[in-house]
Amino acid sequence: MLNRQRVRVAVLVSGGGTNLQAILDARDKVIRSAEIALVISNKPNAYALERAKAAGIPAAVISPKALGGKEAFERELQKTLEREKIDLIVLAGFLVILSPDFTSRWDHRILNIHPALIPSFCGKDYYGLHVHEAVLARGVKVTGATVHFVNEIPDGGEILLQKAVEVQPEDTPETLQRRVMEQAEWILLPKAVELVSEKILAGE
Ligand code: GRF
(Lines give C-alpha, C1' and ligand atoms only; values in the text may rest on other atoms or scores of the structure.)
Protein backbone atom coordinates (compact mmCIF):
# COMPACT_ATOMS: atom_id res chain seq x y z
CA MET A 1 0.00 0.00 0.00
CA LEU A 2 1.20 3.54 -0.76
CA ASN A 3 3.02 4.73 2.36
CA ARG A 4 1.25 8.10 2.49
CA GLN A 5 0.59 10.40 5.44
CA ARG A 6 -2.68 9.68 7.26
CA VAL A 7 -5.21 12.11 8.68
CA ARG A 8 -4.93 12.28 12.49
CA VAL A 9 -8.34 11.72 14.06
CA ALA A 10 -9.49 12.42 17.63
CA VAL A 11 -12.66 10.60 18.73
CA LEU A 12 -14.67 12.34 21.46
CA VAL A 13 -16.81 10.10 23.67
CA SER A 14 -19.05 10.21 26.76
CA GLY A 15 -20.40 6.69 27.22
CA GLY A 16 -20.26 3.08 26.10
CA GLY A 17 -18.16 3.78 22.99
CA THR A 18 -19.81 1.33 20.57
CA ASN A 19 -19.34 3.88 17.78
CA LEU A 20 -15.69 4.28 18.78
CA GLN A 21 -15.39 0.49 18.62
CA ALA A 22 -16.85 0.46 15.10
CA ILE A 23 -14.20 2.99 14.06
CA LEU A 24 -11.40 1.00 15.72
CA ASP A 25 -12.57 -2.22 14.04
CA ALA A 26 -12.64 -0.44 10.65
CA ARG A 27 -8.94 0.54 10.75
CA ASP A 28 -7.04 -0.62 7.66
CA LYS A 29 -10.32 -1.93 6.25
CA VAL A 30 -12.92 0.79 5.58
CA ILE A 31 -10.65 3.40 7.17
CA ARG A 32 -7.36 3.59 5.28
CA SER A 33 -6.70 7.32 5.04
CA ALA A 34 -6.79 8.09 8.76
CA GLU A 35 -5.23 7.00 12.02
CA ILE A 36 -7.10 7.17 15.34
CA ALA A 37 -4.55 9.25 17.22
CA LEU A 38 -6.48 10.09 20.39
CA VAL A 39 -9.68 9.39 22.35
CA ILE A 40 -11.03 12.13 24.61
CA SER A 41 -13.85 11.61 27.11
CA ASN A 42 -15.62 14.25 29.18
CA LYS A 43 -16.55 11.47 31.64
CA PRO A 44 -13.78 9.76 33.65
CA ASN A 45 -15.72 6.48 33.88
CA ALA A 46 -16.84 6.14 30.25
CA TYR A 47 -16.49 2.53 29.10
CA ALA A 48 -15.25 3.97 25.79
CA LEU A 49 -11.95 4.63 27.62
CA GLU A 50 -11.61 0.88 28.24
CA ARG A 51 -12.07 0.29 24.51
CA ALA A 52 -9.35 2.85 23.69
CA LYS A 53 -6.98 1.21 26.20
CA ALA A 54 -7.63 -2.26 24.79
CA ALA A 55 -6.80 -0.93 21.33
CA GLY A 56 -3.65 0.85 22.55
CA ILE A 57 -4.99 4.29 21.62
CA PRO A 58 -3.85 7.24 23.80
CA ALA A 59 -6.81 8.62 25.79
CA ALA A 60 -7.49 11.70 27.89
CA VAL A 61 -10.29 12.79 30.20
CA ILE A 62 -11.15 16.49 29.90
CA SER A 63 -14.03 17.24 32.23
CA PRO A 64 -16.05 20.47 32.10
CA LYS A 65 -17.09 19.79 35.72
CA ALA A 66 -13.51 19.35 36.94
CA LEU A 67 -12.34 22.41 34.99
CA GLY A 68 -15.16 24.61 36.26
CA GLY A 69 -17.19 25.04 33.12
CA LYS A 70 -17.47 24.80 29.34
CA GLU A 71 -15.09 27.67 28.47
CA ALA A 72 -12.20 26.12 30.41
CA PHE A 73 -13.18 22.74 28.94
CA GLU A 74 -12.97 24.03 25.36
CA ARG A 75 -9.66 25.82 26.04
CA GLU A 76 -8.12 22.57 27.33
CA LEU A 77 -9.68 20.60 24.48
CA GLN A 78 -8.30 22.98 21.84
CA LYS A 79 -4.83 22.90 23.44
CA THR A 80 -4.83 19.09 23.48
CA LEU A 81 -5.99 18.81 19.85
CA GLU A 82 -3.31 21.25 18.69
CA ARG A 83 -0.58 19.50 20.70
CA GLU A 84 -1.57 16.16 19.15
CA LYS A 85 -1.75 17.72 15.66
CA ILE A 86 -5.31 16.50 15.14
CA ASP A 87 -6.85 17.09 11.69
CA LEU A 88 -10.37 15.71 12.19
CA ILE A 89 -12.65 15.43 15.25
CA VAL A 90 -15.30 12.68 15.42
CA LEU A 91 -18.09 12.96 18.02
CA ALA A 92 -19.10 9.38 18.86
CA GLY A 93 -21.77 9.36 21.54
CA PHE A 94 -20.31 12.65 22.81
CA LEU A 95 -22.85 14.59 24.85
CA VAL A 96 -21.28 18.04 25.33
CA ILE A 97 -22.69 20.75 23.03
CA LEU A 98 -19.68 22.58 21.58
CA SER A 99 -19.89 26.38 21.37
CA PRO A 100 -20.13 28.31 18.07
CA ASP A 101 -16.71 29.78 18.89
CA PHE A 102 -15.22 26.27 19.01
CA THR A 103 -17.09 24.79 16.03
CA SER A 104 -16.24 27.82 13.85
CA ARG A 105 -12.54 27.02 14.35
CA TRP A 106 -13.13 23.49 13.03
CA ASP A 107 -15.29 24.20 9.99
CA HIS A 108 -15.99 20.93 8.13
CA ARG A 109 -13.58 19.20 10.50
CA ILE A 110 -16.01 17.85 13.11
CA LEU A 111 -18.28 14.86 12.38
CA ASN A 112 -21.20 13.68 14.52
CA ILE A 113 -23.34 10.54 14.42
CA HIS A 114 -27.00 11.14 15.24
CA PRO A 115 -29.32 8.13 15.80
CA ALA A 116 -32.18 9.41 13.61
CA LEU A 117 -32.80 10.71 10.07
CA ILE A 118 -32.11 14.45 10.50
CA PRO A 119 -34.16 16.73 10.35
CA SER A 120 -36.45 14.31 12.20
CA PHE A 121 -36.00 13.74 15.92
CA CYS A 122 -32.95 15.93 16.35
CA GLY A 123 -31.79 19.05 18.15
CA LYS A 124 -31.92 19.95 21.84
CA ASP A 125 -32.80 17.03 24.19
CA TYR A 126 -32.79 14.45 21.34
CA TYR A 127 -29.92 12.16 22.32
CA GLY A 128 -29.41 8.50 23.23
CA LEU A 129 -32.57 6.59 24.12
CA HIS A 130 -34.71 9.75 24.10
CA VAL A 131 -34.47 9.74 20.30
CA HIS A 132 -35.88 6.22 20.01
CA GLU A 133 -38.57 6.89 22.63
CA ALA A 134 -39.77 9.83 20.49
CA VAL A 135 -39.62 7.71 17.29
CA LEU A 136 -41.83 5.02 18.87
CA ALA A 137 -44.18 7.59 20.41
CA ARG A 138 -44.69 9.22 16.99
CA GLY A 139 -45.27 5.83 15.36
CA VAL A 140 -42.97 6.30 12.37
CA LYS A 141 -42.23 3.08 10.44
CA VAL A 142 -38.73 4.06 9.30
CA THR A 143 -35.94 5.68 11.25
CA GLY A 144 -32.15 5.46 10.87
CA ALA A 145 -28.93 7.36 11.49
CA THR A 146 -27.19 10.42 10.11
CA VAL A 147 -23.56 11.52 9.96
CA HIS A 148 -23.28 15.29 9.64
CA PHE A 149 -20.70 18.03 9.96
CA VAL A 150 -20.99 19.91 13.25
CA ASN A 151 -21.71 23.63 13.24
CA GLU A 152 -23.19 26.06 15.75
CA ILE A 153 -26.69 24.53 15.56
CA PRO A 154 -27.08 21.22 17.48
CA ASP A 155 -27.51 18.54 14.76
CA GLY A 156 -27.81 21.40 12.24
CA GLY A 157 -24.68 20.96 10.13
CA GLU A 158 -24.41 19.70 6.52
CA ILE A 159 -25.58 16.09 6.18
CA LEU A 160 -22.91 13.71 4.89
CA LEU A 161 -24.42 10.18 5.06
CA GLN A 162 -27.76 8.64 6.11
CA LYS A 163 -29.07 5.08 6.35
CA ALA A 164 -32.69 3.98 6.95
CA VAL A 165 -33.70 1.30 9.46
CA GLU A 166 -37.15 -0.31 9.82
CA VAL A 167 -39.09 0.12 13.04
CA GLN A 168 -40.56 -3.26 14.13
CA PRO A 169 -44.04 -3.43 15.77
CA GLU A 170 -42.70 -5.00 18.97
CA ASP A 171 -39.78 -2.59 19.31
CA THR A 172 -38.84 -1.05 22.63
CA PRO A 173 -36.50 1.98 22.72
CA GLU A 174 -33.68 -0.44 23.59
CA THR A 175 -34.30 -2.91 20.76
CA LEU A 176 -34.69 -0.05 18.29
CA GLN A 177 -31.49 1.65 19.50
CA ARG A 178 -29.59 -1.60 19.04
CA ARG A 179 -30.88 -2.10 15.50
CA VAL A 180 -30.09 1.51 14.53
CA MET A 181 -26.57 1.09 15.92
CA GLU A 182 -25.95 -2.26 14.20
CA GLN A 183 -27.59 -1.50 10.86
CA ALA A 184 -26.75 2.20 10.52
CA GLU A 185 -24.45 3.97 13.00
CA TRP A 186 -21.64 1.45 13.05
CA ILE A 187 -21.63 1.31 9.23
CA LEU A 188 -21.99 5.03 8.50
CA LEU A 189 -19.44 6.49 10.90
CA PRO A 190 -16.37 4.58 9.65
CA LYS A 191 -17.43 5.29 6.05
CA ALA A 192 -17.75 9.00 6.81
CA VAL A 193 -14.34 9.11 8.52
CA GLU A 194 -12.76 7.58 5.39
CA LEU A 195 -14.69 9.85 3.00
CA VAL A 196 -13.70 13.05 4.79
CA SER A 197 -10.13 11.87 5.40
CA GLU A 198 -9.64 11.22 1.67
CA LYS A 199 -10.86 14.75 0.94
CA ILE A 200 -8.49 16.21 3.57
CA LEU A 201 -5.53 14.31 2.08
CA ALA A 202 -6.57 15.59 -1.36
CA GLY A 203 -6.29 19.10 0.04
CA GLU A 204 -10.03 19.89 0.29
C1 GRF B 1 -25.95 6.09 20.85
O2 GRF B 1 -27.34 6.26 21.04
C3 GRF B 1 -25.53 6.79 19.61
O4 GRF B 1 -26.56 6.79 18.67
C5 GRF B 1 -25.31 8.19 20.05
O6 GRF B 1 -24.77 8.07 21.36
C7 GRF B 1 -25.23 6.85 21.96
C8 GRF B 1 -24.11 6.08 22.58
O9 GRF B 1 -23.19 5.79 21.59
N10 GRF B 1 -24.45 8.87 19.12
P11 GRF B 1 -21.80 5.00 21.95
O12 GRF B 1 -22.17 3.56 22.22
O13 GRF B 1 -21.20 5.65 23.19
O14 GRF B 1 -20.96 5.14 20.71
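A residue counts as near the ligand if one of its heavy atoms lies within 4 Å of it. Keep that cut-off in mind for the exercises below, which all work on a predicted model.

**Exercise 1. Find how many residues surround the ligand, and sort them by class.**

Solution. Start by applying the 4 Å cut-off. The shell then holds 13 residues, with Gly 17, Thr 18, Asn 19, Gln 177 and Glu 185 as the closest. Next, sort the shell by class: eight residues are polar, four are nonpolar and one is charged.

**Exercise 2. Identify polar contacts of the ligand and say how much of its area the protein covers.**

Solution. Look for pairs of N or O atoms within 3.5 Å. Begin with the side chain of Thr 18, where an N or O atom lies 2.6 Å from an oxygen atom of the ligand. Move on to Glu 185: an N or O atom of this side chain is 2.7 Å from a ligand oxygen. Then turn to the backbone, where a polar atom of Ile 113 is 3.3 Å from a nitrogen atom of the ligand. Finally, take the area: on its own the ligand has 360 Å² of accessible area, and the protein covers 89% of this.

**Exercise 3. Locate the ligand among the pockets and name the elements that build its shell.**

Solution. First the site: the ligand takes up the space of the largest pocket. Now the elements: α1 (18-25) and α7 (173-201) each give two or more residues to the shell. Of the shell, the largest share comes from α7, with three residues.

**Exercise 4. Explain what the salt bridge between Arg 6 and Asp 28 ties together.**

Solution. Recall that side chains of opposite charge can pair when their charged atoms come close. The structure has nine salt bridges; in one of them, the side chains of Arg 6 and Asp 28 meet at 2.9 Å, N to O. Arg 6 lies in the segment before β1 (7-13) and Asp 28 in the loop between α1 and β2 (34-41), so the pair links parts 22 residues apart in sequence.

**Exercise 5. Check the backbone at Pro 119 and Lys 85.**

Solution. As a reference, most peptide bonds are trans, and most residues other than glycine have a negative phi. The bond from Ile 118 to Pro 119 is cis, with omega near 15°; Pro 119 sits in the loop between β5 (110-114) and α6 (129-138). Lys 85 is not a glycine, yet its phi is positive, about 50°. Lys 85 belongs to the loop between α4 (70-83) and β4 (88-91).

Key:
Residues numbered from 1 in each chain as written. Predicted model: local features only at pLDDT ≥ 70, side-chain atom pairs only at ≥ 80, totals over all residues. Heavy atoms only, no water. Polar contact = N/O pair within 3.5 Å; in protein donor to acceptor, adjacent residues only side chain to side chain. Areas by Shrake-Rupley, 256 points an atom, 1.4 Å probe, with all protein chains shown as cover. 1 Å grid on protein atoms, 1.4 Å probe; cavity = no way out; pocket = protein on both sides within 12 Å on 5 of 7 lines; lining within 4 Å. Sits in = over half its atoms within 2 Å of the grid points. Helix = DSSP H or I, 4+ residues; strand = E, 2+ residues; numbered from the N terminus. Nonpolar A, V, L, I, M, F, W, Y, C, P; charged D, E, K, R; others polar. Salt bridge = Lys/Arg side-chain N within 4 Å of Asp/Glu carboxyl O.
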